[in-house]
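Biologist: I would like a close look at a single part of this model, with each term explained as it comes up. Please take me through it slowly.

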Amino acid sequence: MNNTNWLFSQLKKWVKDGIISGEQAEKIRSRYSKDSKITNFISALLVFGGVLVGLGLILAMASNWQGFSSTIKILIILLFVSGFNYLGYHFYQVPKRRNLSQTFFLMGAFAFGAGVNLVLQTFNISFDTGQELLIWIAGLFLFVKFFELFWVLILANILLTIWIFQTGISWIDIAVYGLLAFFFWKLIFRDKNNPALVFSLIGTSLWLFLLQLRMLALPHAEKDVDIWFILPRLDFGIGDALGFLSLYVSFGVLLSVLAINRVKEWAAYPFSILGIIFVYFTQIPFTFFHNFANEDGFQMPNPGYPIEALPFIAISAFVITISLDGLRSSSKSKKLLSRFFVAISLVNILLPFLSYSNPMAISIFMNLILLFELIAFLYISNITRNWKLFKWSLWLFKFFILLRFFDIFSTLLNQALLFVLGGALLIWGGVFIEKQSKKIFDAGVKGD
Amino acid sequence: MRGSRVIRKDFLTASFIQVLLIIGLAFFSSVRASSGTVVLFDLDLRQGMYPFNSPFRGWSFEPALSASLTKIPNDLIKEHPVPFEVSDNGVVSSPLQDVFVTIVKDDSGWNISSASFFKPDEGFFLKSEWDLNRYSYEDSENSSDFFNVRYEVGNIFIAEENIGRLRECLGERSWDTDTSSYFWEIEPLPMSVEVSVLDDGNLIPLRLFCEGKEIK
């Protein structure tokens, strides 16, 4: 008996036992029925086909049709863009044809991007900082706004992320991204579009990095020029590196707080997983910091410019502000959660001051803080019943132990033995997590 | 629930914006290119330019103008140049410095008459940037009597079937380790680029020529 058959047999029992109503059973049945599976399969095929046609169009434009005049080229591309969009509009109004409509709109979105590139190619225009992506994104906005286009919204957020990755990091670029991201967030939250949210959060993390970098360069930049020319002049010290660490930890903590407070129920999963990823993977390199110190003695230069601290102090202050309500709550678990987030935010603000200490002190402190955070995340995921976050925390915890094993024993053990023991630890840990995690998680419920 | 009239209005608005963006971009590009003075410049093929294939834009090629326009004698510059800072690891670090090069045409072609860090009030001038590449071929022959500039000509897009012809025209250059210099394994052919020079000295590439014939 497969899972669906088992579920359907159970549904009958649950209705009979009065656990759920007949209506609820029907809703569950329709979600897992063959029809629903076929519809999902067709949707996947349609989107895949749409992406292929779109990419094919872009490549066809790129091959540079020397036989056509520029006017003919533009007319052809307008025909493609309008044709696909019209079909999307037509099927949007036909009942049960929304999937087909989404596919045509997606092809229209690709055709529009190809058209923008074709115009640039025809007139030999070379944009330095990806302005063509901005034009592409701008052209998609209204379609997403009016027709709730799931896949086009994802595409727009991927393009926006690519754009911020290749900008010249001017203040104008930073402001434009902020503005566009804000408008697209509104659509993401309206449409509850999880994949677009993930791309948007990745883009935002890049944007925050560039914002802090721009602030770091502020005392050096006489005018708004390419920051990559200024970078070599910066006296980039450990204080600055810790500043970037604080930025990502604060961003990760903010996402975790949003997830745990269930600000948007549907977004709890991407918020919580991306939150722990930002917190964990930015801190883990600093747990080995003493290994980076060279033999001639480690230089511990400037603790960074105060102005570059603005982004992470602002985020941490926001986290503390929204956690204050929890501190006044009568619920013990809410109080505990709020205390944790306030504490971790305060520690995070002070992190750059570690640059006044020495590399070993930084390593020890970062190990302790990461260990504390992982245990806290395990506990938090348990009391908030976030099973996915619990599993992620457990795996990251195990990875942390493995890294510590290699770090500590790499100089003490024979290399072969080190790897054998490391592998055994990994396998044992994997089996243990699979067997025990559910028990630990469920034990948490009884404990509550 | 929106009515079909509203849906149609929304569709037309969104479509209009897309069409406007494409036509506007084409119109702006066309008007901008035609607003400048069209000039033909020889290329310097020693600069090692190669066609580049980008997945979404196809083949493109960025021409470099000849040394008669990029190598500027110090006595032609009107002001004192601001020196660059060069760190121990060889990184040249300074904001780019714009150089406006005034040119005149004589029997030998276009030549430099003067250069300035400020936009000239009169004369036919091109906007360039001080060449920050310390490892460019000019470095070995650089002396305190000259400095080099680089023009942002931009890319010319080439049809795939003409890339072979472009490669023939560019020749093939190799490095001779004995003499520490480049030599031509296959001699390049004379190439030139037609550009539109705008009022602010910026350049827009229009057409590429090899032995006087256009490479589309």
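Modeller: What follows is a walk along one helix of chain A, with a short look at a loop residue of that chain.

This is a predicted model, in which local features need pLDDT of at least 70 and side-chain atom pairs count only at pLDDT 80 or more, while totals for chains, interfaces and linings use all residues. Residues are numbered from 1 along each chain as its sequence is written, and chains are lettered from A and ligands numbered from 1 in the order in which they are written.

Helix α14 of chain A covers residues 310-327, where helices (H or I, at least four residues) are DSSP runs numbered from the N terminus. Its 18 residues should span 26 Å at 1.5 Å a residue, and the C-alpha atoms at its ends are 25 Å apart, which agrees; the expected span is 1.5 Å times one less than the number of residues.

Along α14(A), the buried residues are A:Pro311, A:Phe312, A:Ile315, A:Ser316, A:Val319, A:Ile320, A:Ser323 and A:Gly326. A residue is buried if 20 or more other C-beta atoms, placed from the backbone, lie within 10 Å of its own, exposed if 12 or fewer, and partly exposed in between. An α-helix has 3.6 residues a turn, so residues three or four places apart point the same way. The buried residues of α14(A) pack against α9 (194-216), α11 (238-260) and α15 (332-350) of chain A, contact being counted when C-beta atoms placed from the backbone lie within 7 Å.

Elsewhere in chain A, A:Glu148 sits in the loop between α6 (131-147) and α7 (150-165), and its phi is near 50 degrees, a positive value in a residue other than glycine. Most residues other than glycine have a negative phi. A:Glu148 is partly exposed, because 16 other C-beta atoms lie within 10 Å.

Methods. Helix = DSSP H or I, 4+ residues; strand = E, 2+ residues; numbered from the N terminus. Contact = placed C-beta atoms within 7 Å.
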